[in-house]
Amino acid sequence: MIKFSDVKKVYSDGTEAVNDFSLTINNGELMTLIGPSGCGKTTSMKMINRLIKPTAGTIYLNDTNVEDYNIHELRWNIGYVLQKIALFPHMTIEENIAVVPEMKKWKRKTIRNRSHELLDMVGLDPSIYSQRRPSELSGGEQQRIGVIRALAADPDIILMDEPFSALDPISREQLQHDIMQLQKEIRKTICFVTHDMDEALALGDRVCLMKEGRIIQVDPPQELILNPASEFVKEFIGERKSPWQTAVDVIADQTKSQIITKSAYAHNKYPNQGTFIIKDHDNTFAGMVADGQNQEKCIVLENDLPLSKAIDIMQDKNQQLYPVLKSEQLVGTLTYKDIVTYLKRETASKDGVIR
Ligand code: ADP
């Protein structure tokens, strides 16, 4: 756990970089720090591994003040990934990964196994890559080595300062994907600085949005999108369309296969198994029938209701099918499963992370 308590940083020239900064990053949580350039993201992060000393306030790692740690132990136990990873050019990839484990005096065989395991984890075949030199790797591959090097000695905490921003969009997406996959397995406590809102929303379990050295909002991505705390947050997020904001009528089944007329219902001319919505001759909603039983307590959805709200309404209800109405007119039907299928598809490219 990383805990900032009332942290403040004023540089010697009087620049107030961070102020009133209180934030807890829980164990196993990936927190993204985002905000306009100069808002204090890097300063905040560098105070964790004591590259910068706070002017006031305290930072705790697992309840111990970072000032109370031996500086070498502190640095070895915190993985650190920078924008432009500096691999040692004369060393092989395996030797580069081994730097911290060697300082920690791990056994040679353990180090070798660990580096091969890590290369495997990010899809780089150890038999090909372990003996290569950094110059024989692409930018994206080097950055991947930077990430696994930070993981090598199995630190609990990892700091990432714009680790992918120097990469082309494809490598960047690939590495974001890698990090999401890795994090599912390793569940480290990660503080990730970025200026890219898509990245912050895609990766963060929570996002900490900063402005002029202060925290403006800390929330899970979906919450930030649906309930921005201020105009600034709204503007910063931009016109981002979350699939959760999609209106129900966009995905409602409009084939009307589950809709029967009032007269068909009255004359029992419909299948007596399954759930059906009944419509009047003017296409207005007239009720619902499930397995031949009239459903008096039927919940209806207004056409412009966002899916997030629809899900809330449907939760814990035993209703199989929902009519979607626009000014009393039936425009389609919807099931809970339709929504889940849609959300899953829309978020699949980001591995289930809601954007
Ligand atoms: P960010 O990472 O959000 O871009 P930084 O933490 O790098 O922001 O910087 C926050 C503020 O502190 C900026 O105004 C920056 O110019 C200033 N700053 C950063 N480093 C120093 C320094 N060593 N001396 C004086 N001011 C600095």
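Accessible areas here come from the Shrake-Rupley method with a 1.4 Å probe, and for residues only the protein chains shown count as cover. On that basis the protein chain exposes about 17800 Å², with carbon and sulfur atoms supplying 47% of it. The model is a predicted one, so to speak of local features takes a pLDDT of at least 70 and side-chain atom pairs count only at 80 or more, while totals for chains, interfaces and linings use all residues. Residues are numbered from 1 along each chain as its sequence is written, and side-chain values use heavy atoms, with hydrogens and water left out.

As for the overall build, the protein chain has 15 helices and 17 strands (DSSP runs numbered from the N terminus: H or I of at least four residues for helices, E of at least two for strands). Its radius of gyration, taken over C-alpha atoms, is 27 Å. That is well over the 20 Å that the globule rule (2.2 Å times the number of residues to the power 0.38) gives for 355 residues, so the chain is more spread out than a compact globule. Buried residues (under 20% relative accessible area, 1.4 Å probe, protein chains only) make up 47% of the 355.

Strand 3, residues 30–34, is a well-covered piece: five of its five residues are buried. L30, T32 and I34 sit on one side, M31 and L33 on the other. Strand 3 runs parallel to strand 8 (residues 189–193), joined by four bridges, with L30 opposite I190. Four bridges also pair strand 3 with strand 9 (residues 206–211), again in the parallel sense, and here I34 stands opposite L209. Pairing requires at least two DSSP bridges between the strands.

Methods. Buried means under 20% relative accessible area, exposed over 50%, partly exposed in between (1.4 Å probe, protein chains only).
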